[in-house]
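Biologist: I should like to learn how to read the strands and sheets of a protein model. May we look at one together?

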Amino acid sequence: RARVPAPSLERRVRAAERGLELARTLGVTSIQDDASYDDRLEPGRVYGDLLARGRLTARVTLWQRLGRDLGEVRSERAALPKERGASRLSYGLLKGYLDGSLGSRTALLDAPYCDAREAGTGIPLIDADVLRDQVREAHEGGFQVGLHAIGDRATALALDAFADLARTGSPEVARAARHRVEHVQVVRGEDIARFAVLGAVASVQPIHLANDMKIARERLGERTKTSYPWRSLLDSGAALAFGTDYPVEPLDPLPGIFCAVSRRDPRAPLEAYHPEQRLTREEALSAYTAGSAFAAHGELFLGRLVPGFLADVCVLSRDLFAISHEEIPEVRCDLTILDGEVVFERSPRS
């Protein structure tokens, strides 16, 4: 069968430049790019080309597939351009997928969907024993692991795989790896405390609440009480890291901040979804900055405005602590600085 030819390197570079342009206009200075979707795209070459030409205007960390040959991943990592000073291009975690999504009723749940019993409990994407073996292999190979888990059963399986590392090896080494659960949308009450115990990072995209709050009530019933449990996770001592999940969701972090502090949809901000799980503005901003830096093992040089840290800075058009919740999505980025260099400045007329 004929295959659609891969785009040229030049075209891929242009596409990456457009993404980087969007990022810097929104004040985003660090990106994690899942390179596992299509190896033909050769993201290392794309970003490496931009880096060589001085046009990589964000710190980019590449992901690869969990279960892939670790020797190949090490070779790809070694082939990245060598840099002086703080890295703008690096390899990060290995990502595995445990289930699908709530919207398609493929998120893996403990009990059947309330609005469609015929959907059962969702669709598992990997056998539990295979998952455990792949996570252990990656961990012992020195790689951080991130596991896509949206349903409560999937989240439990992810935590079980991390618990197995602590049980069969060194709990301290397992915690230090900062393995991550991606999304953490539906969680059993008894599993919330396990994040802190295992040192697992809750990697969350608050903007998902805006699209899911209506269908979550239909699909989950009483289980909504422990869905999107940001306050409970933070209070339990879990490491909370916020992101945007672009291009599934918009790259702009500000609508996500609105969701985190209001538990409402910024496009139709009416009824709040379990408002007891709201965060303060300080907590939401910290999760987007210091929390994400911690998740990426960069908390000693990124994520805070303190002497000695890298000058990756976003200047907003308004003070987030001096406006109402409803005004947060209207705030714009006026200035973006990467490593002390201005990479975006909004025109006074724009």
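Modeller: Let us begin with a definition: two strands pair if DSSP finds at least two bridges between them. Please note that this model is predicted.

Biologist: How many bridges link β8 and strand β9, and in which sense do they pair?

Modeller: In general, the strands of a sheet pair through backbone hydrogen bonds, either parallel or antiparallel. Here, β8 and β9 (residues 333-338) pair in the antiparallel sense, with 4 bridges between them. One bridge partner to locate is Leu-335 in β9, which is matched with Val-315.

Biologist: In what order do the strands of this open sheet stand?

Modeller: The sheet has 3 strands in the order β8-β9-β10, and the pairing is antiparallel. Each of β8 (313-316) and β10 (341-345) has a single partner strand, so one side of each is left without a neighbour in the sheet; these two stand at the edges. From one strand to the next, the twist averages 20 degrees.

Biologist: Which strand runs parallel to strand β2?

Modeller: Strand β3 (residues 89-97) runs parallel to β2 (residues 59-65), and 5 bridges join them. Among the residues concerned, Thr-61 has Ser-90 in β3 as its bridge partner. Strand β3 also pairs with strand β4 (residues 145-149) in the parallel sense, over 4 bridges; there, Gly-96 is partnered by Leu-147 in β4.

Biologist: Which helices form β-α-β units with these strands, and what is the handedness of each unit?

Modeller: Helix α3 (residues 70-79) makes a right-handed unit with β2 and β3. Helix α4 (residues 128-140) makes a right-handed unit with β3 and β4.

Conventions: Residues numbered from 1 in each chain as written. Predicted model: local features only at pLDDT ≥ 70, side-chain atom pairs only at ≥ 80, totals over all residues. Heavy atoms only, no water. Axes fitted to C-alpha atoms, helices over the stretch in contact; angles between N-to-C directions. Right-handed = clockwise from strand over helix to strand, strands pointing away.
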